[in-house]
Amino acid sequence: MRRAVIAGLVVIVGVALLIGLHPISPARTLDDYEHKAKDTAQSVLSSIETARLAARVGTRGDAFGPYVSVMLSESDTAVTKAQGVFDSVQPPDRHADAIRTRLGVLLNRASDGVARLRITARRGQLDRLERQARPLEHLATRLQRFIEDPGQVGTAAA
Amino acid sequence: MKLSELLGVTVVTTDGEELGRVHDALLVQDGPVGAQGFAGLRLHALAVGTRSFGTKLGYTQGTVKGPWLLRAMFHRPPTLVPWQAIVQRSASRIVVDRRRMDEST
Amino acid sequence: MKKVFGVTLGILTAMGGFVDIGDLVANSATGARYGMSLAWAVVLGVVGIIVFAEMAGRVASVTQRAVFDLVRERLGARAGLVNLGASFFITMLTLIAEVAGVALSFQLVSDVNYLLFIPLVGFAVWLVIWRVKFTTLETVFGLMGLAMIVTIVAVVQLHPSWSSLWHHASHPTVPPGEGHPTYFYFAIALFGAAMTPYEVFFFSSGAVEEKWTRSDLVLNKANVYLGFPLGGLLSLSLMAGAAVVFHPLGVGVDFLSQVALPTSLALGKVGLAFVIVGFVACTFGAALETALSCGYTMSQYFGWQWGKLVRPREAARFHLVVVSSIVVAVVVGVTAIDPIKVTEYSIVLSAAALPLTYFPILVVANDANYMGDDVNGPVRNAIATFYMVLLTVVAAATIPLMIATKAGS
Amino acid sequence: MNGPGGEPAGRQVWAVLELLDRQLVDRDGRLAGKIDDVDFVVDDDPDAPPRVDALLSGLGALANQIGGDFGRWLASIERRLAARRDRAPSRIAWSDVKSIGSSVELAADRDDLDSNRGERWVRDVIIDKVPGAGHEAE
């Protein structure tokens with residue numbers, strides 16, 4: 001019985017490590033790739049919306065500088081991480097290449113936008129945040145559209 | 001003799017019938033009073049049965065009565081084997097005399 | 001005086017135990033992802049912890065025996081040791097999460113990397129356990145934790161559509177695009193966050209430390225019936241805040257900072273200040289509870305002197321276990337292991353381990369030799385049996401769900 | 001024949017349920033280990049029932065109860081520690097027992113029990129070196 005429990009614990013820890021270390025596995029099909037693209041877009045959208053809210057409370061005086069700054073750097077890290085993980089997934093075919101290009105543009109903008117907010121917050125210029133966050137609203141809409149239909153081609157051109 | 005040497009030992013009658021394993025020992029406190037005024041304990045009988053999990057929990061002895069579901073799962077009344085009924089005892093086996101068991105219970 | 005502050009044990013258990021890093025994260029994350037449609041899991045967890053803690057507190061008051069005494073006594077040395085291993089591991093995991101939680105809370109007000117705070121937090125936890133009296137600890141952190149009530153005010157201030165929140169909560173459905181396994185995985189996380197085993201280790205040991213007796217059973221009830229529902233209410237308000245602010249935007253909660261955001265939006269700096277004080281009190285309280293629980297469980301299994309009732313030198317091995325646990329927590333914490341992930345694993349595994357400690361308590365609460373007239377009545381037993389079955393099902397389902405959902409991702 | 005606690009003579013005690021794994025409490029109310037085994041004296045007369053002679057407490061007896069590989073490992077540690085001193089595993093004579101309840105109360109001082117050597121060692125070598133070890137909490 002004791003051995004069974006120990007074995008059980010080993011399995012749990014092993015699974016936990018595997019899950020922790022491998023958030024994304026290689027994509028084998030277009031479907032799979034689309035799925036991963038959607039997940040990435042979803043996670044980046046989440047970070048952008050968080051950053052927008054942070055900018056809002058920062059500029060309106062509803063939060064302390066350090067708090068806003070922490071939240072923006074967390075969002076920034078999250079975007080960069082999601083971007084890095086997605087970049088490392090091998091696109092299986094030409095359709096996937098198109099998805100990759102289209103999402104890549106959005107991810108770059110997200111990353112730039114959030115990084116800029118982070119820098120401004122670190123400088124203590126909280127009053128500028130809300131204005132600076134305005135372009136992110138449009139970006140959020142486009143990410144939303146991408147999530148709904150990642151395969152659609154053409155609107156990605158900027 | 002230690003308690004741990006008794007627990008889990010298979011109990012058979014002189015006729016070869018297997019009664020189960022020792023799960024608990026019933027002690028009676030009627031020995032000589034010690035220095036602290038607390039009477040000594042005498043080993044009166046062994047509780048013998050087929051399953052032991054309920055023993056530790058207290059269902060076998062009857063001190064725990066509920067809840068219904070657990071009682072139904074764990075309550076197995078044990079056979080009480082008086083110490084006097086034991087005719088032979090080794091590390092792995094206790095032989096009891098059925099007649100002496102009936103006499104004293 | 002004792003009676004007036006008597007309920008602080010319940011409040012501390014509720015604030016530092018119920019509302020801890022696990023609840024802060026789990027409730028906000030589910031609120032953001034599922035709206036209010038998993039509120040039932042919180043309610044189920046609150047009722048469960050009330051049933052469990054009430055029994056453990058009653059047994060401790062009548063017999064002076066805390067949870068792990070009874071685990072050893074009713075499961076024996078062998079099964080008790082396996083139980084100790086599992087419970088200690090999970091409590092340790094929770095301690096790591098709580099210490100990191102305190103550090104993350106400090107990061108929110110200083111913008112200094114939380115890793116730098118971890119050793120300081122560990123030292124502070126040890127110092128409080130070493131020097132501060134149990135009742136002082138209870139009162140200070142219990143009352144400070146009440147700052148979390150600001151999250152309820154915040155939800156009201158956000159002017160949500162109450163009828164829609166209620167409809168969501170009372171007609172739970174799995175949202176489109178979400179799988180059933182993930183939904184139930186989150187339900188288990190909420191359940192485990194509400195019914196974390198160390199809460200009961202701490203509560204029952206606390207009852208012994210406070211020298212409760214049979215005459216304090218009313219106090220036991222007051223603590224349980226007041227403390228845990230309050231904790232549940234706070235959990236639900238965290239969930240509702242996230243449901244109102246994050247759910248419509250598709251935001252996922254991955255950081256402690258986000259948990260404070262609904263309050264900041266609704267109540268500004270003052271609200272934010274309150275909620276961060278609440279974070280510190282809850283996570284620090286929970287760090288104390290888990291560190292003590294590491295000592296309680298091991299000492300009670302081996303029969304060593306434990307507790308803060310005696311001088312540290314009188315309970316040497318207990319204090320050695322406590323300080324070693326804190327050291328381990330700090331060392332693991334500073335490896336930059338993701339504290340939120342640790343938290344998630346700790347609550348899910350908590351749910352899986354619950355039957356191990358619940359079962360012996362239920363048995364002893366039915367032992368007439370022990371409890372006399374204070375054994376479980378038929379109604380209590382019916383509810384307690386329902387939870388016994390539920391906990392077993394949850395425990396069996398946890399690991400498969402964890403694998404199937406890749407831990408809810 | 002009543003004990004000081006008003007215990008009636010002839011009371012029945014289940015050894016596994018009511019003695020084994022129970023908490024020992026010393027004369028000053030301090031916790032002093034668990035009961036890990038019970039030792040009986042057996043008379044030469046085969047009809048005379050065995051009587052409880054002592055309660056055993058400590059790592060050796062615990063290891064025996066746990067059994068398996070882990071139990072054997074624990075037992076080997078115990079043997080190595082025990083080899084440095086020539087004392088029997090911790091026995092608490094039945095005459096030192098004051099009462100049996102949710103715990104077993106002893107007339108002995110915890111510091112005189114062999115099973116509490118570990119506690120004393122940790123106290124003397126580690127805990128006493130830390131400032132404040134002998135103070136009441138504030």
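In the predicted model, chain B comprises four helices and six strands. Read from the N terminus, the elements of chain B follow the order α-β-β-β-α-α-β-β-β-α. The C-alpha atoms of this chain occupy a box of roughly 40 × 40 × 25 Å along the principal axes.

Strand pairing within chain B involves strand 6 (residues 93–96) on two counts. With strand 1 (residues 10–13) of chain B, strand 6 pairs in the parallel sense over four bridges; here B:Thr10 has B:Arg93 as its bridge partner. With strand 5 (residues 86–89) of chain B, strand 6 runs antiparallel, and three bridges join the two. In this second pairing, B:Arg89 is placed opposite B:Ile94 of strand 6. Strands 5 and 6 of chain B are connected as a hairpin through three residues.

A hairpin is also found in chain D, where strand 2 (23–25) and strand 3 (residues 31–34) pair in the antiparallel sense over two bridges. D:Val25 stands across from D:Leu31 of strand 3. Five residues separate strands 2 and 3 of chain D, and in the turn D:Gly29 adopts a positive phi of about 80°.

Chains B and D share an interface in which 38 residues of chain D contact 35 residues of chain B. The area buried between the two chains is about 3200 Å², with carbon and sulfur atoms contributing 66%. Several elements of chain D give two or more residues to the side that touches chain B, namely strand 1 (11–14), helix 1 (15–19), strand 4 (37–41), strand 5 (51–56) and strand 7 (97–100). By class, this side of chain D consists of 23 nonpolar, six polar and nine charged residues. Although nine charged residues are present on the side of chain D, the number of salt bridges between chain D and chain B is zero. Polar contacts do occur, with 14 residue pairs found across the interface of chain D and chain B, both residues of each pair being at pLDDT 80 or more.

Strand pairing likewise crosses between these two chains. Strand 2 (residues 18–29) of chain B and strand 1 of chain D run antiparallel and are joined by four bridges. Within this pairing, B:Leu26 has D:Trp14 of strand 1 as its bridge partner. Strand 1 of chain D is thus listed among the elements that contribute two or more residues to the side touching chain B, and also takes part in bridges to strand 2 of chain B.

Over all chains, the structure holds 31 salt bridges. Side chains of opposite charge can pair when their charged atoms come close. One of the salt bridges links C:Arg72 to D:Asp21, with the closest N and O atoms 2.7 Å apart. This pair crosses between chains, as C:Arg72 belongs to helix 4 (residues 67–110) of chain C and D:Asp21 to the loop between helix 1 and strand 2 of chain D.

Aromatic pairs number 23 over all chains. Among them, A:Tyr33 and A:Phe86 form a tilted pair, with 5.5 Å from centre to centre and 45° between the planes. A:Tyr33 is located in helix 2 (residues 30–59) of chain A and A:Phe86 in helix 3 (residues 65–87) of chain A, so the pair ties together parts that lie 53 residues apart in sequence.

Notes. Residues are numbered from 1 along each chain as its sequence is written. Chains are lettered from A and ligands numbered from 1 in the order in which they are written. This is a predicted model: local features need pLDDT of at least 70, side-chain atom pairs count only at pLDDT 80 or more; totals for chains, interfaces and linings use all residues. Side-chain values use heavy atoms; hydrogens and water are left out. Contact means heavy atoms within 4.5 Å. Buried area is the accessible area (1.4 Å probe) that two parts lose on being put together, summed over both. A salt bridge is a side-chain nitrogen of Lys or Arg within 4 Å of a carboxyl oxygen of Asp or Glu. A polar contact is a pair of N or O atoms within 3.5 Å; within protein, one must be able to donate a hydrogen and the other to accept it, and residues adjacent in sequence count only if both atoms are side-chain atoms. Ala, Val, Leu, Ile, Met, Phe, Trp, Tyr, Cys and Pro count as nonpolar, Asp, Glu, Lys and Arg as charged, and the others, Gly among them, as polar. Two strands pair if DSSP finds at least two bridges between them. Rings of Phe, Tyr and Trp (its six-membered ring) pair if their centres lie within 6.5 Å; planes under 30 degrees apart count as stacked, over 60 as edge-to-face and the rest as tilted.
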